[in-house]
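Here is a short report on how two protein chains meet, and how protein meets DNA. Look at the structure first, then read on.

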There are 2 protein chains.
Amino acid sequence: MSLLKSKILVVASDLFQTRGINSTGVDTIVAVAGTTKMTLYKYFRSKEDLILEVLEKGHQDFQNWLNDKLTSSTKKPSEKLQKLFDFIEEWVTSPNFRGMGFIKASAEFPNEENPVHQLSSEQSRQFRQYISSLASEANIQDADGLALQLSLLFEGAVQAEQMKRGSGAMKYAKKAAKILIDGALTHTV
Amino acid sequence: MSLLKSKILVVASDLFQTRGINSTGVDTIVAVAGTTKMTLYKYFRSKEDLILEVLEKGHQDFQNWLNDKLTSSTKKPSEKLQKLFDFIEEWVTSPNFRGMGFIKASAEFPNEENPVHQLSSEQSRQFRQYISSLASEANIQDADGLALQLSLLFEGAVQAEQMKRGSGAMKYAKKAAKILIDGALTHTV
DNA sequence: AGTGATTTATACAGTTCTATATAAAATATT
DNA sequence: AATATTTTATATAGAACTGTATAAATCACT
């Protein structure tokens, strides 16, 4: 991928997160990225295309990072589930954390027919599905149910953290997650 | 309050929730409300003023409704806490539910110096504080901690419901809340 | 019916935004 | 060095948005 294109992606991701997507114009993006609109529109057909690619990249980066961490940490499915929130906390508190794109994008594009909304909704579903597969491997009965509960905690915590940085929400989300996971594990098949 | 003013507030609240705040122009609001911009700007100094009043009204309506429900349902503090999520579910699934304003507003206005962001952040804090006071009355040790966890579940569920209507998130949020509340109640002072 | 306040209709100034056109400059390739 | 590609600089079309000006129309009240 072109250096300029990835630079634009990084800058756009940053600005979208800190100023909002609709409030960030392409002029601002190219100015911060140190390039021009002509170049931006060479690599992205439209602003919407840019938004979609930013979301896609952010989600893939997160999923890859999380999956690598989990698979290299332990092979026991139940332990993976337990460590999930530790890694999520590590991700959220890392200096290059720019927020979970799909959480904000769905708020800024509430129309269910909007491509940006659809992508963020799909990413949210994928993430929940990933947690559910971990729960299934740990032989938890209602894997989808637990996955939903954990994702609620996670998304709530990310939002709280976005709303007020250093809120300590992640700490209590972890405690709650542990209670829910432990409870579900004692009712395994 | 003037009929037109409250009509504008209702319409704006509806449009902000369904199309997003930044994506909704004042022209659209007055067209749907069946009035003109002149009248809108008579009652609201600016669009930002309108947003703030919409948020304020939405939050007060919710808090008043919830408090009335809780105080008239039971006098036992621990039962209030248990019934909290039942009423919240009732609110969220009611036909005139237009979403929790402060959740989306903070996403659309991420800048912490923005008045809209500040108000939604304050409302989020107030709601958490309200839950915490219920937990305190029920003699729960870490009342603030439980309140934070419950609000994470709540905000996560509202967002999930906004992202995909009829997701059933509230049902699992309630189950998780019950587990957390029961756990906290067994460790009371 | 007549007076005063409210509301509408319409136009528009001024800004911002997405997206494109065109030509010059810089960079890479042969 | 000459050619081809990429990138910049600049201008601008065209739409959308906030907010205001002005005059006509409607409404409330006496």
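The text below takes the protein interface first and the DNA second.

This is a predicted model, where local features need pLDDT of at least 70, side-chain atom pairs count only at pLDDT 80 or more, and totals for chains, interfaces and linings use all residues. Residues are numbered from 1 along each chain as its sequence is written, chains are lettered from A and ligands numbered from 1 in the order in which they are written, and side-chain values use heavy atoms, with hydrogens and water left out.

**Chain A meets chain B**

In total, 41 residues of chain A contact 41 residues of chain B (contact means heavy atoms within 4.5 Å). The two chains bury about 3,100 Å² between them, 62% of it on carbon and sulfur atoms. Buried area is the accessible area (1.4 Å probe) that two parts lose on being put together, summed over both. Leu152(A), Met163(A) and Tyr172(A) supply 22% of the area that chain A buries against chain B, more than any other three residues.

**Protein meets DNA strand D**

Around DNA strand D there are 17 residues (near means a heavy atom within 4 Å). Sugar and phosphate make up 61% of the strand D atoms that come within 4 Å of the protein. The table lists backbone atoms by their distance to a phosphate oxygen of strand D.

| Residue (backbone N or O atom) | Distance to a phosphate oxygen of DNA strand D |
|---|---|
| Gly34(A) | 3.5 Å |
| Val26(B) | 2.8 Å |

Lys47(B) also has a polar backbone atom 2.8 Å from a phosphate oxygen of DNA strand D.

Methods
Polar contact = N/O pair within 3.5 Å; in protein donor to acceptor, adjacent residues only side chain to side chain.
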